[in-house]
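This report is an introduction for a reader who has not met the structure before. It starts with a single residue and then moves to the whole chain and some local features.

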Amino acid sequence: MVSTNYAPEHAGIGPYATQIAEHWADLGHETHVLAGMPHYPAWSLEPEYKGALRRTEQRAGVTVHRRAHTVPARQTAVKRALFEGSILLHGAVAPPRMPKPDAVLAQMPSLAGGVIAARLAARWKVPFVPVVQDLMGAAAAQSGISGGDKAAAFAGRAESYALKRATLVGVIHETFVDRVVGLGVDPAKIRIVPNWSHVPQPTRPRGETRRHLGWAPGQTVVLHSGNMGLKQGLEVLVGAARLDPDVRFVLMGDGSQRAALAGLAADVPNLDIIPPAADGEFPDILAAADVLAVTQHAAVMDMSVPSKLTSYFQAGRPVVASVAALGGTAQEVERSGAGVLVPPEDPDALLKAVRALAQDPEGADRLGAAGPRHVAAHLSREAGLARIDALIDEALGGPRT
């Protein structure tokens with residue numbers, strides 16, 4: 001596997017890459033991962049990896065080959081290009097030393113990772129299978145990054161280079177298909193491989209967790225968990241918090257926009273920004289909130305479906321999605337039956353939905369209860385890993401299942 005993000009990263013794509021690799025190792029396969037240095041979602045290098053140029057680790061039976069790269073604290077087109085370029089250069093000049101594999105799987109949106117994986121698979125003459133988690137070209141165009149138009153054109157060329165060389169292409173949502181076909185991929189090669197819920201169900205009583213966090217029993221708490229980047233458009237939560245001081249808004253996580261959001265919310269006493277939760281506490285904190293928020297800029301349509309949704313559904317709380325109605329995120333929330341949609345970048349609409357849920361606790365509980373049912377039926381870890389195994393088996397010449 002080639003995946004820039006990997007454990008100990010606990011958000012975004014890292015947990016999925018880690019669980020796939022560890023699953024293969026558990027099955028008895030010799031499993032190697034070419035990864036970057038841990039830096040996400042804070043976009044800050046983990047202290048124990050500072051100064052390391054290359055490192056090889058054994059993690060849960062998986063051999064992880066790490067290569068150093070730049071880590072831009074602020075996202076611009078130029079800095080993102082340098083980030084991807086440093087991954088590509090280091091991975092190309094120092095590929096992992098390992099026996100010839102049976103297949104190479106790449107976790108994208110890492111453009112460099114996709115290109116490296118395609119070249120390694122060609123060198124070894126083995127199947128190449130990328131799994132598209134995000135579309136970086138579309139992301140650059142839709143997320144508001146500085147210099148996005150030029151970055152989108154460059155990213156699209158790199159994505160096309162990698163994807164056209166694939167034996168099969170996995171995409172995590174059907175809304176990605178047209179974009180991938182537009183990059184030159186034969187539709188017959190595309191398979192839908194949705195992500196799964198990679199966190200356990202909550203175990204502590206909600207009241208106990210709320211007391212621990214200092215959330216009052218009668219106070220409505222709206223929680224956003226995960227990356228604080230440009231495409232999330234988290235300013236909408238700051239705006240909603242300004243409108244009603246009695247509702248508590250909590251942003252839990254890290255990311256390139258955290259400092260900017262903290263500055264924007266400096267005079268908003270009912271908005272808290274807290275660090276990412278430890279893995280053992282994460283499910284309970286999600287479940288302790290009254291409402292779980294997912295937000296995106298209005299322009300974000302078909303390039304990203306947030307991985308946080310699978311964790312939100314598992315938590316059993318209602319979701320308010322401030323996202324484009326025709327995008328993949330909206331489709332997933334509607335499919336789950338666990339939340340409500342509001343127009344993106346509209347603080348008034350978001351707050352109105354939150355108040356409606358607070359005034360109808362039984363209805364809110366019914367919405368929340370639909371989440372774990374949806375996970376059990378469609379988003380279990382076992383089902384997700386089985387889909388990845390089937391993708392690899394088919395690329396190796398086995399039957400399509």
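Is Q232 buried or exposed? In this predicted model, Q232 has a relative accessible area of 7%, which is under the 20% cut-off, so Q232 is buried. The residue lies in the loop between strand 8 (221–227) and helix 8 (235–243). Apart from its neighbours within four places in sequence, Q232 is in contact with H224, N227, T295, Q296 and H297.

**The chain as a whole**

The chain contains 15 helices and 13 strands. Its radius of gyration is 21 Å, close to the 21 Å that the globule rule gives for 401 residues, so the chain is as compact as a globular protein of that length. The C-alpha trace spans about 60 × 40 × 40 Å along its principal axes.

Of the 401 residues, 59% are buried. Contacts between residues at least 6 apart in sequence can be sorted by separation: 70% of them join residues at least 24 apart. The chain exposes about 16400 Å², and carbon and sulfur atoms supply 55% of that area. There are 39 positive and 39 negative side chains, and the centres of the two sets lie 7 Å apart.

**Aromatic pairs**

A pair of aromatic rings is described by the distance of the centres and the angle of the planes. The structure holds 3 aromatic pairs. In one of them, the rings of Y16 and W196 have centres 5.0 Å apart and planes at 90 degrees; the angle is over 60 degrees, so the pair is edge-to-face. This pair links distant parts of the chain, 180 residues apart: Y16 is in helix 1 (residues 14–26), and W196 is in the loop between strand 7 (190–192) and helix 7 (206–213). Y16 is buried, with a relative accessible area of 0%, and W196 is buried too, at 1%.

W43 and F83 form another edge-to-face pair, with 5.1 Å from centre to centre and 70 degrees between the planes. W43 lies in the loop between strand 1 (32–35) and strand 2 (54–59), while F83 is in helix 2 (residues 77–93), so the pair ties together parts that are 40 residues apart in sequence. Both residues, W43 and F83, are buried. Together with Y40, W43 and F83 form one aromatic cluster.

F176 is another aromatic residue to locate in the view. Its place is the loop between strand 6 (169–171) and helix 6 (177–182), and F176 is buried, with a relative accessible area of 0%. F176 and K231 are 55 residues apart in sequence, and their C-alpha atoms are 17 Å apart in space.

**Helix 12 and its surroundings**

Which residues of helix 12 are buried? In this helix (residues 328–336), they are G328, T329, A330, E332, V333 and S336. The buried residues pack against strand 11 (291–295), helix 11 (308–315), strand 12 (319–322), strand 13 (339–342) and helix 14 (361–378). Just after helix 12, G337 takes a positive phi of about 70 degrees.

**Backbone features**

Most residues other than glycine have a negative phi, and most peptide bonds are trans. The table lists four places in this chain that depart from that pattern.

| Place | Feature | Angle |
|---|---|---|
| A7 and P8 | cis peptide bond | omega about 15 degrees |
| Y40 to P41 | cis peptide bond | omega near 10 degrees |
| W43 | positive phi, not a glycine | phi about 55 degrees |
| E345 | positive phi, not a glycine | phi about 60 degrees |

P8 is found in the segment before helix 1. P41 lies in the loop between strand 1 and strand 2, and the place of W43 is likewise in the loop between strand 1 and strand 2. W43 has a relative accessible area of 8%, under the 20% cut-off, so W43 is buried. E345 is found in the loop between strand 13 and helix 13 (347–359). With a relative accessible area of 45%, E345 falls between the 20% and 50% cut-offs, so E345 is partly exposed.

Notes
Residues are numbered from 1 along each chain as its sequence is written. This is a predicted model: local features need pLDDT of at least 70, side-chain atom pairs count only at pLDDT 80 or more; totals for chains, interfaces and linings use all residues. Side-chain values use heavy atoms; hydrogens and water are left out. Helices (H or I, at least four residues) and strands (E, at least two) are DSSP runs, numbered from the N terminus. The radius of gyration is taken over C-alpha atoms; the globule rule is 2.2 Å times the number of residues to the power 0.38. Buried means under 20% relative accessible area, exposed over 50%, partly exposed in between (1.4 Å probe, protein chains only). Contact means heavy atoms within 4.5 Å. Accessible areas come from the Shrake-Rupley method with a 1.4 Å probe; for residues, only the protein chains shown count as cover. Lys and Arg count as positive and Asp and Glu as negative; His and the chain ends are not counted. The place of a charge is taken as NZ of Lys, CZ of Arg, CG of Asp or CD of Glu. Rings of Phe, Tyr and Trp (its six-membered ring) pair if their centres lie within 6.5 Å; planes under 30 degrees apart count as stacked, over 60 as edge-to-face and the rest as tilted.
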